[in-house]
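Dear colleague,

Please find below the structure that I am handing over to you. A summary of the findings follows it.

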Amino acid sequence: MTIATRKTALGLALAGGLLLASRAAAADSVQLAGVGTVEYHLIHKFHKVVGASQALAVRGSVDAAGLKVMARAQVGTFDSGNSNRDQHMMEAVEGEKYPWVVVRAALPAFELPKTAGTSKITVEAAVDLHGVVVNHPIDIAIATKDGAHFTASFTFSESLTAHKIERPSLLFVAVDDLITIVGKADLVAKR
């Protein structure tokens, strides 16, 4: 066998090994998909407001690198029970220009629970609201009964001014800067 033939055979063997390794990694990948609800809790000196969306969509994957997940909802789907207030919130977050609130998160070396129970994790998240991304950790509780169906619950605070949102006012008093985000999603894992 000539040197050129050996190099070609070695190159083909390496390429084949890489292809098999990438197929094995893809086979170990688990896709997550689901829907849920998300609420914002906003406080004003004179009252509290809760706006809820039933249109939370969640997609993600778990593989050898860990967990990668994205959750999003259209800002126009939040309902506080007062259409006038909802219109003002759409104006405050410029919903026509920035129609989505998106959270992207990752957790290296994460594995989905395989047995019934609840586990708590902290992910590094990027919250995109009003066209401004703010990075911070988010705590998530993951519950499962069978290792294939999961419920993810979360609560975290978000600053309106960090997202360059002018805080709405009532009677010349602005709402609190921090809002609380509360959500829950039902997810199915598929290999």
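Ser153 stands opposite Lys184, a residue of strand S10. Strands here are DSSP runs (E, at least two residues) and helices are likewise DSSP runs (H or I, at least four residues), both numbered from the N terminus. Two strands are said to pair if DSSP finds at least two bridges between them.

Please note that this is a predicted model, in which local features need pLDDT of at least 70 and side-chain atom pairs count only at pLDDT 80 or more, while totals for chains, interfaces and linings use all residues. Residues are numbered from 1 along each chain as its sequence is written, and side-chain values use heavy atoms, with hydrogens and water left out.

The barrel

The pair Ser153 and Lys184 belongs to the contact of S7 with S10 (residues 178-190), where eleven bridges join the two strands in the antiparallel sense. Both strands are part of a barrel that eight strands close in the order S1-S2-S3-S4-S5-S6-S7-S10, with antiparallel pairing. On average, neighbouring strands of this sheet are turned by 25° against each other, direction ignored; the axes are lines fitted to C-alpha atoms (for helices over the stretch in contact), and angles run from 0 to 180 degrees between N-to-C directions.

On the other side of the order, S7 (residues 149-159) is joined to S6 by five bridges, again antiparallel. Here Ile142 has Ala152 in S7 as its bridge partner. The hairpin of S6 and S7 has four residues between the strands, and Gly147 takes a positive phi near 80° in this hairpin.

S6 (residues 132-144) also pairs with S5 (residues 117-129), antiparallel and over 13 bridges. Within this pair, Ala125 stands opposite His136 of S6. Two residues lie between the strands in the hairpin of S5 and S6, where His130 has a positive phi near 60°.

Further along the chain order, S2 (residues 47-63) and S3 (residues 66-74) are antiparallel and pair over seven bridges, and the hairpin that joins S2 to S3 runs through two residues. Arg72 can be followed across two pairings: Arg72 in S3 is the bridge partner of Ala57, and Arg72 also stands opposite Val102 in S4. S3 and S4 (residues 100-108) are joined by nine bridges and run antiparallel.

Loop residues with positive phi

Most residues other than glycine have a negative phi. Two loop residues may therefore merit a look in the model: Glu94, with a positive phi near 50°, and Lys164, with a positive phi of about 60°.

Glu94 is placed in the loop between helix H2 (83-92) and S4. Lys164 is found in the loop between S7 and strand S8 (169-170). Are these side chains buried or exposed? Glu94 is partly exposed at 34% relative accessible area, whereas Lys164 counts as exposed at 64%; buried means under 20%, exposed over 50%, and partly exposed in between (1.4 Å probe, protein chains only).

A nonpolar surface patch

Phe46, Leu170 and Leu171 form a nonpolar patch on the surface, with about 320 Å² of accessible area together. Patches consist of residues with over 30% relative accessible area and no salt bridge, with like charges joined within 9 Å and nonpolar side chains (Val, Leu, Ile, Met, Phe, Trp, Tyr) within 5 Å. A salt bridge is a side-chain nitrogen of Lys or Arg within 4 Å of a carboxyl oxygen of Asp or Glu. Accessible areas come from the Shrake-Rupley method with a 1.4 Å probe, and for residues only the protein chains shown count as cover. Leu170 lies in strand S8 and is partly exposed, with a relative accessible area of 39%.

With kind regards
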